[in-house]
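Hi everyone, thanks for making the time. Please take a moment with what is on the screen, and then I'll talk you through a few parts of it.

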Amino acid sequence: MKPTLITTAIVGGGLTLSSAKSLWSRQPAGYGPDDSDTYLLKTGYPIGNGKLGIISFGLPVSEKLSLNVDSLWSGGPSENTSYQGGNPAQPKYPALPEIRAAIFQNGTGDLSPLLGTGANYGSNRVLGNVTISIPELEHYSDYKRSLDLKTGIHTTQFTAGKEKFATSLFCSYPDQVCVYHIESSGALPAITVGFENILTSQDLVRATCGSNTARLTGYTHAGPPQGMKFTAIAKTLDASATTRCAAPGRLVIQSTKAQKMQTIIVAAATDYDQKKGGKTDGYSFRGRDPDEIISQIAAKAVSKSYNTLLSRHLNDYRALEGAFRLNLPDPQRSSEVETAALFSRYDWTGPGDPYLEALLFDYSRHLLISSSRANSLPANLQGRWTERMESAWGADYHANINLQMNYWGAEQTGLGATEDALWDYMEDTWVPRGSETARLLYGADGWVVHNEMNIFGHTAMKEGAQWADYPAAAAWMMQHVWDHFDYTQDVAWLRKQGYPLLKGVAEFWTSQLQEDEFSGDGTLVVNPCNSPETGPTTFGCAHYQQLIHQVFDNVLSGAAVAGETDVAFLGRVASSLARLDSGIHVAGWGGIKEWKLPDAYGFDGPSTHRHLSHLVGWYPGYAISSYAGGYGYDGGNATIREAVRQTLISRGLGNAEDANAGWAKVWRAACWARLNDADRAYEELRYAIDVNFADNGLSMYTALSQPFQIDANFGLAGAVLSMLVVDLPLPHGAKGGRERERERMVVLGPAIPAAWGGGSVAGLRIRGGVAVDFAWDRDGIVTKATPTSSARSRAGVIFVNVRGDVLAKI
């Protein structure tokens with residue numbers, strides 16, 4: 001194979017780096033202290049294929065690849081064979097009548113009898129580093145590294161001595177390996193490849209070498225019981241190279257004088273099996289030996305050439321990445337500026353930088369493609385990239401905003417396939433244990449989970465009511481389930497997987513709603529409830545009421561398409577929906593109430609809390625914006641809109657005593673956009689970027705201080721999409737006949753700032769199986785729209801701009 005990276009500065013398939021949007025730096029990524037600017041997750045550029053995640057760092061002489069496997073976790077049944085997912089040994093629901101009675105009597109109460117434990121919960125952890133040592137590269141110049149967002153390929157280029165060098169690094173979903181490729185303008189020096197993990201006990205890991213392969217095998221703990229087993233290998237692709245083993249477990253690759261390139265494939269796996277998490281398998285989650293798994297994967301990969309591996313990766317990645325285009329202007333010629341410098345000069349009080357804002361939008365999509373695929377676990381709190389043995393919050397699945405936000409950008413930008421991981425994860429790890437949790441904690445049918453979930457079916461509450469009492473998690477996730485069908489019109493999927501998930505959650509809530517004895521208004525409310533991470537244990541939390549409304553409506557909307565025959569179940573859903581408190585009440589000071597309690601109880605005053613839980617039905621949901629008529633390009637329900645506005649004003653910019661997190665800011669931006677307020681939405685977006693996004697584009701939790709938490713990266717895409725479109729479902733009662741929806745109004749460009757003037761979008765997905773391309777003028781007003789309709793489309797859509805001008809119909 002002829003060298004390509006050096007001679008033509010292209011990435012094997014012929015895409016010039018200069019033509020692609022990319023993050024780039026003149027300095028290698030560092031591994032400094034967590035609180036330093038050289039911290040790995042502030043400097044490195046992540047790549048992945050869903051199961052595997054890699055970040056390259058270090059100097060050319062000793063480059064390292066921080067390697068993650070989605071399922072490498074401590075805790076669970078690998079740590080304790082009696083692990084029950086937090087569920088109690090005996091039912092706790094007999095305590096509910098007394099808890100509920102006290103709350104209805106006093107307005108607030110105590111649910112501590114229902115609380116549980118997080119024992120053996122565990123944490124996602126790093127596998128280790130792939131080490132690549134080339135002593136001849138100690139002195140180098142003209143260094144540049146970049147991450148091409150159009151290809152998902154990380155490259156470096158530099159000069160050492162008289163020769164030019166370049167590397168490419170990508171993780172292939174089709175071949176389930178990561179591929180490291182190096183080229184030189186002259187003969188390649190010897191390369192030593194191995195593994196290291198200096199953070200774990202060396203008694204738990206074993207590095208070996210043999211047959212063109214370096215290997216690391218280990219366990220999460222010594223046992224008993226035996227910990228989770230993991231294995232990783234690095235294997236040379238070129239059989240013509242001479243290899244030898246050097247202690248401990250190092251593979252030395254010696255190229256011939258004629259060889260100017262080498263390729264190394266990296267494969268890794270654990271013995272975790274998501275499909276073994278049910279009762280019939282004893283909730284073991286224990287699968288095949290990872291040695292066997294990666295041997296098969298590696299054998300297939302090394303039978304292919306580098307060009308074939310590259311081509312297969314590009315075809316797969318581009319099919320997803322190329323499904324959507326956001327084109328914004330670059331008035332400051334930012335594409336010519338090093339990425340870190342773009343962040344350093346970015347000031348939220350200034351005019352913004354459309355190029356950087358669009359770059360972060362594209363980056364969000366890259367991160368989702370790289371961390372969530374059909375055969376992997378979903379993207380967690382850190383996507384697929386942790387450098388620690390014990391990650392912040394376990395790098396788990398928090399589901400009172402964070403997991404949901406991870407997928408805000410999926411459906412509308414053609415990345416619905418990344419959600420396959422999400423559906424399987426819920427079906428395999430939430431439903432089995434969650435059905436037990438529903439029975440043991442609530443005496444309920446269906447299934448339920450709470451705020452924090454691991455990969456071992458932890459579905460019960462943990463220790464603190466304010467953050468652990470959150471049985472609404474599954475109800476919120478059902479919005480994603482319904483949206484997937486609503487956008488794709490995939491009836492087969494709805495019947496097989498989507499609707500059964502919805503039905504189970506609806507069954508739970510129809511059994512749990514209580515008539516409001518405090519207010520005496522005949523409505524059905526949740527009791528007990530805690531609004532996420534704030535306020536009292538009470539009844540009728542607005543967040544819950546809005547989400548349950550959506551679940552019930554989605555069930556009724558999907559029942560016929562899904563072939564539902566349980567008339568009694570549908571009757572319970574319909575009757576419960578008819579009596580359900582809407583969760584939309586206005587406080588005396590003008591904002592949306594978070595709790596149904598009277599204002600006199602003192603909980604519903606203006607607040608700067610990071611969560612916007614009582615606005616979930618405004619954005620990302622639709623119980624307020626659609627079902628209650630709150631949104632309208634021409635004003636909508638003025639009372640609701642003003643209450644939403646006052647709530648957002650009260651909540652501030654998302655930098656208060658309780659947190660300074662990026663996710664809180666991008667959520668605010670999305671909510672302002674749904675008010676058609678381009679100035680406020682753009683201000684909040686700029687504020688998030690300035691305050692929370694590090695020089696490598698990853699979002700930090702507390703301003704620019706670690707830990708890295710990926711939800712703001714994903715949520716930024718949702719905020720931008722909220723500025724680009726309002727596409728709300730109609731309530732069940734508004735459906736038309738003959739399986740065709742009544743015509744809906746879709747607003748294009750509800751909050752496009754003038755700074756983005758002259759931009760355009762291609763491939764935006766719309767509910768009903770529709771897509772649309774559109775462009776706007778220098779003031780951000782959409783002037784042209786070209787919709788297309790898929791074969792599955794059942795929707796009638798009228799496209800208008802924010803002024804109400806009709807742009808197109810379909």
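**Cysteines first, then helices**

Let me start with one residue: Cys-245 counts as partly exposed, at 43% relative accessibility. For the terms here, buried means under 20% relative accessible area, exposed means over 50%, and partly exposed lies in between, with a 1.4 Å probe and protein chains only.

Two housekeeping sentences for the chemists. This is a predicted model, so to speak of local features we need pLDDT of at least 70, and side-chain atom pairs count only at pLDDT 80 or more, while totals for chains, interfaces and linings use all residues. Residues are numbered from 1 along each chain as its sequence is written, and side-chain values use heavy atoms, with hydrogens and water left out.

Back to the cysteine. Which residue does Cys-245 form a disulfide with? The partner is Cys-209, and the two sulfur atoms are 2.1 Å apart; the cut-off for calling a pair of cysteine sulfurs a disulfide is within 2.5 Å. Cys-209 lies in strand S13 (residues 205–210) and Cys-245 in strand S16 (residues 242–246), so this pair ties together parts that are 36 residues apart in sequence. Helices and strands here are DSSP runs numbered from the N terminus: H or I with at least four residues for helices, E with at least two for strands. The torsion about the S-S bond is about -80 degrees, so the disulfide of Cys-209 and Cys-245 is left-handed. Cys-209 is partly exposed as well, at 24%.

How many disulfides does the rule give? The count is three. Another one joins Cys-171 and Cys-178, with sulfurs 2.1 Å apart. Its torsion is about 100 degrees, so that disulfide is right-handed, and Cys-171 and Cys-178 are both buried.

Then there is Cys-529 with Cys-541, where the sulfurs are 2.2 Å apart. That link is right-handed too, with 95 degrees about the S-S bond. Cys-529 sits in strand S24 (residues 529–530) and Cys-541 in the loop between strand S25 (537–538) and helix H13 (542–562), so the pair ties together parts 12 residues apart in sequence. Both Cys-529 and Cys-541 are buried.

Counting bonded cysteines along the chain, the pattern is 1-2, 3-4, 5-6. Cys-671, by contrast, is in no disulfide, and its nearest cysteine sulfur, on Cys-541, is 18 Å away. Cys-671 is buried, at 0% relative accessibility.

Now for the helices, beginning with the one that follows that last loop. How are H12 and H13 arranged? Helix H12 (residues 491–512) packs against H13 at an angle of about 140 degrees, with the axes 9 Å apart. The axes are lines fitted to C-alpha atoms over the stretch in contact, and angles run from 0 to 180 degrees between N-to-C directions. H12 and H13 are therefore oblique to each other: under 35 degrees counts as roughly parallel, over 145 as roughly antiparallel, 65 to 115 as roughly perpendicular, and the rest as oblique. The crossing is left-handed, which is the label when the near helix is turned anticlockwise from the far one by less than a right angle, with clockwise being right-handed. Among the H12 residues that meet H13 are Leu-494, Tyr-499 and Trp-509; contact means heavy atoms within 4.5 Å.

H12 has a second partner, helix H9 (residues 420–442), and here the axes come within 12 Å and cross at roughly 20 degrees. H9 and H12 are therefore roughly parallel to each other, in a left-handed crossing. The H9 side of that contact includes Trp-423, Val-431 and Tyr-442.

One more pair: H5 and helix H7 (residues 354–371) have axes that come within 10 Å and cross at roughly 130 degrees. This crossing is right-handed. The contact is made by Tyr-317, Leu-320 and Glu-321 of H5 and Arg-365, His-366 and Ile-369 of H7. Those three H5 residues are among the buried ones of that helix.

I'll finish with Thr-339, found in helix H6 (residues 339–345). Thr-339 is buried at 1%, and its C-alpha is 7.1 Å from that of Asn-696, 357 residues apart along the chain. Not counting residues up to four places away in sequence, Thr-339 touches Ser-22, Leu-23, Trp-24, Tyr-45 and Asp-695. Thanks, everyone!
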